[in-house]
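Thanks, everyone, for making the time this morning. I would like to walk through one structure with you, taking the helix packing before the enclosed and open spaces, so please have a look at it while I talk.

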Amino acid sequence: NTRQRRRRQSPSAAMGICSSKTGVAPPKPAAAAAPAAAPLKTQKRVRTGVASVEDLAGEGDGCDRCFGKGCDEEACCPSFWQDEGVPPVWPFSWIFSRTNPYLNDNHAVFLFGHCGLKAADRERKVLMGTALAFTVVSIILTTFGCLGLSPNLNLERSDAWAVGHLLNRERGEGTVAWVGLSRLLIERCSDVRETDAWGDWQDCEVFPHWWSEVPNKCRAAQATEKVSNSSRLDEEFGYPCDVLLKCAEQATANQFGAFMTCVTLIFALIGCLTRIRKRADTNFQKILGTLPDMLGIFTLGGALVSFSARCTSAMVDDGHGHGTGYAPGPGFIAYCCCWVAAVVRCSMHAIMPVPGAGVSCARALEWSSSGEALVMQ
């Protein structure tokens, strides 16, 4: 019984009861140590298919670094790609609304919007990206071309629409005509050798003439009998007055057109940025992208042809019968490049249908006349 009693007490002694031999309670077992805190994980930069990653997770949408193979630009820049292109301000919110019954949601614009190539819809970003690049270059060139309206002589020389030069061997003089949109610059040089290029002529003096002053100067010259016939030489200009009057009229008419071409390219740029996004492209957006550019092709092309016909082609001979050799000026070439860009941009807008569409215009018209449902294949 005594043994059983001791055995029963031994578990209690382990719990802190004094031992019969020592009378000292055994030490309590140490409490289990708290688990060590896990080391903080440092943020690592996550690659998303781009060549170099600058942002940490949550540091923005990454628009500044979305380049390279495997990059999903729509995921990198959702603020742009998810924009539906409808301004929140009335009346623009009504004009650009998809449910606008006059501009976007009716039979005629539906046909126009669905005409195009399915392949163009698939390659929307490539086509509109190319049109966007052409538009940016056009803005730079037309801005340069508009500098010719400045009264600065150096800008007018560097931005002339045509440059003519003639050599009067009888007098040993050379004349350079800088034909611009605002003024005609007549540069007479006295130190001229036949072997020299016209750009190397020396002792030159520039006589600027505003196109708006040409008619009055021609009439004054005729009144004082400096010129007895308007087709003869006006010594102040160096060219016949009848020719100068035609050129003055055309150059003045081109001033407003040159400025408006530069301004409207801003809207062409917005159109490309809108149609490159499927969420924002609509029937009305295709109309805005195609028709204004088509109109610009004819108006700008007509202005360029008219300037060539009424200025550079007409001002061939001076009053002494000496021929003038003309070359297109930088300003004229800049607007010719703008015309080419308008043709490219208009063509890309025309062949690209609204998202998910794509059918030949003949098929769309056939459907329209028959009243059948237009089936996209």
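Let me begin with α10 and α11, which pack at an angle of about 160° with their axes 9 Å apart, and I should say at once that what you are looking at is a predicted model. Since angles over 145 degrees count as roughly antiparallel, these two helices, α10 and α11, are therefore roughly antiparallel to each other, and their crossing is left-handed. On the α10 side the contact involves Val243, Lys246, Cys247, Glu249, Gln250, Ala251, Asn254, Thr261, Thr274 and Arg275, which meet Gln285, Lys286, Leu300, Ala303, Ser306, Phe307, Arg310 and Cys311 in α11. Sorted by class, this contact of α10 with α11 has 7 nonpolar, 6 polar and 5 charged residues.

Now, α11, which spans residues 283–312, also comes up against helix α5, residues 107–114, and here the axes come within 8 Å and cross at roughly 70°. The two helices α5 and α11 are therefore roughly perpendicular to each other, and α5 passes α11 in a left-handed crossing. From α5 the contact draws on Val109, Phe110, Phe112, Gly113 and His114, while α11 contributes Asn283, Lys286, Ile287 and Thr290. The residues of this contact of α5 with α11 divide into 4 nonpolar, 4 polar and 1 charged.

Which helices, then, supply at least two residues each of the lining of the largest pocket? They are α10 (241–275), α11 and α12 (330–351), and of these α10 gives the most, with 14 residues. The space in the largest pocket is about 980 Å³, and among the 37 residues that line it, the closest to its centre are Thr264, Leu265, Phe267, Ala268 and Pro292. By class, the lining of the largest pocket comes to 20 nonpolar, 12 polar and 5 charged residues.

Finally, the enclosed space: the structure holds 1 cavity of 30 Å³ or more, and the volume of the largest cavity is about 40 Å³. Its lining consists of Gly148, Glu156, Asp159, Ala160, Trp178, Val179, Gly180, Arg183 and Leu185, with the strands β2 (173–179) and β3 (183–191) each supplying at least two of the lining residues. Those lining residues of the largest cavity divide into 4 nonpolar, 2 polar and 3 charged.

I am happy to go back to any of these regions on the screen.

Definitions and conventions: Residues numbered from 1 in each chain as written. Predicted model: local features only at pLDDT ≥ 70, side-chain atom pairs only at ≥ 80, totals over all residues. Heavy atoms only, no water. 1 Å grid on protein atoms, 1.4 Å probe; cavity = no way out; pocket = protein on both sides within 12 Å on 5 of 7 lines; lining within 4 Å. Points joined across faces, edges and corners; volume = space filled by probe spheres on them. Helix = DSSP H or I, 4+ residues; strand = E, 2+ residues; numbered from the N terminus. Nonpolar A, V, L, I, M, F, W, Y, C, P; charged D, E, K, R; others polar. Axes fitted to C-alpha atoms, helices over the stretch in contact; angles between N-to-C directions. Parallel < 35°, antiparallel > 145°, perpendicular 65-115°, else oblique. Left-handed = near helix turned anticlockwise from the far one by under 90°. Contact = heavy atoms within 4.5 Å.
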